[in-house]
Amino acid sequence: MSDLLRLLGDGRFHSGEELGAALGVSRSAVWKCLQRLEAEYGIAFFKVPGKGYRLAEPLSLLSQEACSVALRRFGWQLYFRDSLDSTNAEALRLLQSGAATPFVVLAEGQTGGRGRRGRVWASPYAQNLYYTLALKVANGPQGLSGLSLVVGLAVLHALRRAGVGGAGLKWPNDVYAGGRKIAGILLELTGDPADVCHVIVGIGINVNMGPDSVDVGQPWASVRGEVGAVADRNELAVFVSESLHQYLGRHAREGFSSLRAEWEANNIWQGKRCTLSTGTRQVKGTMVGIDEQGALRLLVDGQGEQRFSGGELSLRLDHDS
Ligand code: BTN
């Protein structure tokens, strides 16, 4: 299927005959494949008698070659997949089967994209970035301290390089643009967090997804929407990798405290009135910032400053803020 999309990727009309000949299949097999792409993956085509087929929207497909060349510079192995359940799940399977770290899993689409707090991450085929980096962390809690916030900084930096100007960070590790979420990060751990463990760093970035593409369930932004043009997903994957390499390197050498000020400078809710949901209760207060481990510092109404950390927490902005 991705071969057919690659042929159509030039945005021009191609006859069924021509496509069939290039792929070594019949015209009716081409037609069936196009129908499947439309029905299952939401990729729309124009069908014009006498001219053939053309993509209704320009598409930026991933290039395994371009991405693996970029990753090789850092000694990161690439596992490229067309469509799979989740790049995080695949990274866990690869670790279980003994794959050497660091490695990256990159996919055109996910059928079971995982979000934070058990949510689903919308992952339409060939539209966004679904990227997982698997790393070994050998220095216990110190190596994990603030790690997810540092990944947020790396993604923010990559998005700025891609031309997304008004982006910022929302604690703990969402990236927002124009008040809506543009990227999410899901860290998963295997092994002993007190000693040697592996961290699965899952990154989802809304890149070219259109407004009618999928139901995301919350306001969202995309690179395409912010920049005003279809974004090159290969370029963005390379920017993300370079940025991760730079920021994670600094985190490993100097610890989170060296990046804390930079994180706070990009915090979109610094000094704003917020409500924190802990799962069992709602805590209202003013966001003061973060501490040297990346925990949230909240000036809780009537109680003074309190610190919060943990994957199940979620912060939202109060309307009067
Ligand atoms: C969030 O809820 O904000 C986190 C979303 C993380 C989504 C990414 S997409 C790549 C990787 N694979 C997954 O299944 N999830 C993460």
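**Domain 2 meets domain 3, and what sits around the ligand**

Biologist: How many residues of domain 2 are in contact with domain 3?

Modeller: Bear in mind that this is a predicted model. On the other side of the contact, domain 3 puts in 21 residues. Domain 2, which the assignment runs over 64-264, brings 12.

Biologist: And how much area is buried between domain 2 and domain 3?

Modeller: The C-alpha centres of these two domains are 24 Å apart. Carbon and sulfur atoms give 55% of the area buried between them. The total for domain 2 and domain 3 is about 1400 Å².

Biologist: Which residues of domain 2 lose the most area to domain 3?

Modeller: Three residues stand out, with 48% of what the domain 2 side buries between them. One of them sits in the loop between β4 and β5. The names are Arg117, Trp171 and Glu264.

Biologist: Which residues form the salt bridge between domain 2 and domain 3?

Modeller: The count across this interface is one. Side chains of opposite charge can pair when their charged atoms come close. Here the closest N and O atoms are 3.3 Å apart, inside the 4 Å cut-off, and the partners are arginine 260 and glutamate 292.

Biologist: Which helix gives the most to the side of domain 2 that touches domain 3?

Modeller: That side divides into four nonpolar, three polar and five charged residues. Across the interface there are also eight residue pairs in polar contact. The helix in question gives three residues and spans 260-265, so by DSSP numbering from the N terminus we call it α10.

Biologist: On to the ligand: which residues come nearest?

Modeller: There are 20 residues around the ligand. For serine 86, a side-chain N or O atom is 2.8 Å from an oxygen atom of the ligand. The nearest set is Ser86, Thr87, Arg114, Arg116 and Lys181.

Biologist: How far is a polar side-chain atom of glutamine 110 from a nitrogen atom of the ligand?

Modeller: For arginine 116, a polar backbone atom is 2.7 Å from a ligand oxygen. Glutamine 110 instead uses its side chain, facing a nitrogen atom of the ligand, and the distance is 3.0 Å.

Biologist: How many residues apart are arginine 273 and aspartate 301?

Modeller: Their side chains meet in a salt bridge, 2.9 Å from N to O, in a structure that holds 23 salt bridges. Arginine 273 is in strand β10, while aspartate 301 is in the loop between β12 and β13. That pair links distant parts of the chain, and the separation is 28 residues.

Biologist: Where is proline 102, the one after the cis bond from threonine 101?

Modeller: Most peptide bonds are trans. The bond from threonine 101 to proline 102 is cis, with omega near -5 degrees. As for its place, proline 102 is in the loop between α5 and β4.

Biologist: What is omega for the bond from tryptophan 171 to proline 172?

Modeller: Proline 172 lies in the loop between β6 and β7. The bond that leads into it from tryptophan 171 is cis, and omega is near 0 degrees.

Biologist: What is phi of arginine 117?

Modeller: Most residues other than glycine have a negative phi. Arginine 117 is in the loop between β4 and β5. Its phi is positive, near 50 degrees.

How values were computed
Residues numbered from 1 in each chain as written. Predicted model: local features only at pLDDT ≥ 70, side-chain atom pairs only at ≥ 80, totals over all residues. Heavy atoms only, no water. Domains from an automatic or database assignment. Contact = heavy atoms within 4.5 Å. Buried area = accessible area lost by both parts, 1.4 Å probe. Polar contact = N/O pair within 3.5 Å; in protein donor to acceptor, adjacent residues only side chain to side chain. Helix = DSSP H or I, 4+ residues; strand = E, 2+ residues; numbered from the N terminus. Nonpolar A, V, L, I, M, F, W, Y, C, P; charged D, E, K, R; others polar. Near = heavy atom within 4 Å.
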